[in-house]
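Hello,

I am handing over the structure we talked about, and you will find it just below. My notes on what turned up in it follow, written for someone who is meeting it for the first time.

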Amino acid sequence: MIRVAVVDDERLVRSGLRMILGTAPDIEMVADCGGAEAVDTVLGSGADVVLLDIRMPDVDGLTVLRRLRAAPEPPAVAMLTTFDAQEYLTAALREGAAGFLLKDSDPEQLVRAVRTLAAGGSVLDPGVTRAVIGGYLTAEDQAAATRAVSGLTPRESQVLALLGEGLGNAQIAERMGLAPSTVKDHVRALLGKLGGINRVQAAIVADRAGLVTGVPRGAI
């Protein structure tokens, strides 16, 4: 069972997400709260996945993200956003967000996204993809990304391309016919070669380097 917590200052949003996620037999919503009590509530719930509002009036979503990521065993955190919050996206990415979802995401897409996050993958709503990628990588960064990718082994490049599709290690292992432990080693190596970045950042690099040719719905 995938344990999910939702942090949003709007009770109506939390209720709507509870209803949507409640339709999935493999997902349990274990907590929902506003920003003020978010860190204690989420960590106390044992959530595997957190859907976190990027902008809240009491405690900023980026502050909550930073504190959750500092936990010994942090959950995967996807930011809930709107079209007018682009200035927050790059900061959340650098703080370790595992993805970005619009608050009005399609219910089926939301359920798929939670499953992807729980499997160690990354998610990026198509509505914010360009904003996140454009905000994170400048033209100079893109050139650097392409150079960095050229230093990867062929197998690492394959793994990076699948990271770019938003897949987790187990999914990559199945796709490539490798042991999960082998994939984990490849991921660790390529993230190091790309400058110690995280999986979502690596997925963006894969996109900018032209490695991502087919992207599943709801993935980066």
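**Notes on the sheet and its surroundings**

In the pairing of strands, Leu 80 stands opposite Leu 101 in S5. Leu 80 belongs to the stretch 76-81, which is strand S4, and S4 and S5 run parallel, joined by 4 bridges. Two strands are called paired if DSSP finds at least two bridges between them. H5 packs on this sheet and touches S1, S2, S3, S4, S5 and S6, with its direction at about 125° to that of S3. Such angles run from 0 to 180 degrees between N-to-C directions, with axes fitted to C-alpha atoms (for helices, over the stretch in contact).

Before going on, please keep in mind that this is a predicted model: local features need pLDDT of at least 70, side-chain atom pairs count only at pLDDT 80 or more, and totals for chains, interfaces and linings use all residues. Residues are numbered from 1 along each chain as its sequence is written, and side-chain values use heavy atoms, leaving out hydrogens and water.

**The whole chain**

The protein chain has 11 helices and 6 strands; these are DSSP runs, numbered from the N terminus, with at least four residues for a helix (H or I) and at least two for a strand (E). Of its 220 residues, 51% are buried, where buried means under 20% relative accessible area, exposed over 50% and partly exposed in between (1.4 Å probe, protein chains only). Among contacts with a separation of 6 or more, 69% link residues 24 or more positions apart; a contact means heavy atoms within 4.5 Å.

**The sheet, strand by strand**

The 6 strands form an open sheet in the order S2-S1-S3-S4-S5-S6, with parallel pairing. Its edges are S2 (27-33) and S6 (123-124), each of which pairs on one side only.

Where does S3 find its partners? S1 and S3 run parallel and are joined by 4 bridges, and Val 4 stands opposite Val 49 in S3. S3 also pairs with S4 in the parallel sense, over 5 bridges, with Val 50 opposite Val 77 in S4.

S3 is mostly covered, as 5 of its 5 residues are buried. In a regular strand the side chains alternate between the two faces of the sheet. On one side of S3 are Val 49, Leu 51 and Asp 53, and on the other Val 50 and Leu 52, all of them buried.

**Helices against the strands**

Helix H1 (residues 11-21) lies across S1 (2-7), S2, S3 (49-53) and S4, running at about 170° to S2. Helix H3 (residues 61-69) makes a right-handed β-α-β unit with S3 and S4. Right-handed here means that, with the strands pointing away from the viewer, the path from the first strand over the helix to the second runs clockwise.

Val 114 is in helix H5 and counts as buried because its relative accessibility is 0%. Beyond its neighbours within four places in sequence, Val 114 is in contact with Ile 2, Val 4, Leu 21, Ile 27, Val 49 and Leu 51. The C-alpha atoms of Val 114 and Arg 3 are 9.5 Å apart, although their positions lie 111 residues apart along the chain.

**One loop residue**

Ser 105 sits in the loop between S5 (99-102) and H5 (107-118). Its relative accessibility is 11%, so Ser 105 counts as buried. The side chain of Ser 105 reaches the backbone oxygen of Leu 102 at 2.6 Å.

Best wishes

Terms used. A polar contact is a pair of N or O atoms within 3.5 Å; within protein, one must be able to donate a hydrogen and the other to accept it, and residues adjacent in sequence count only if both atoms are side-chain atoms.
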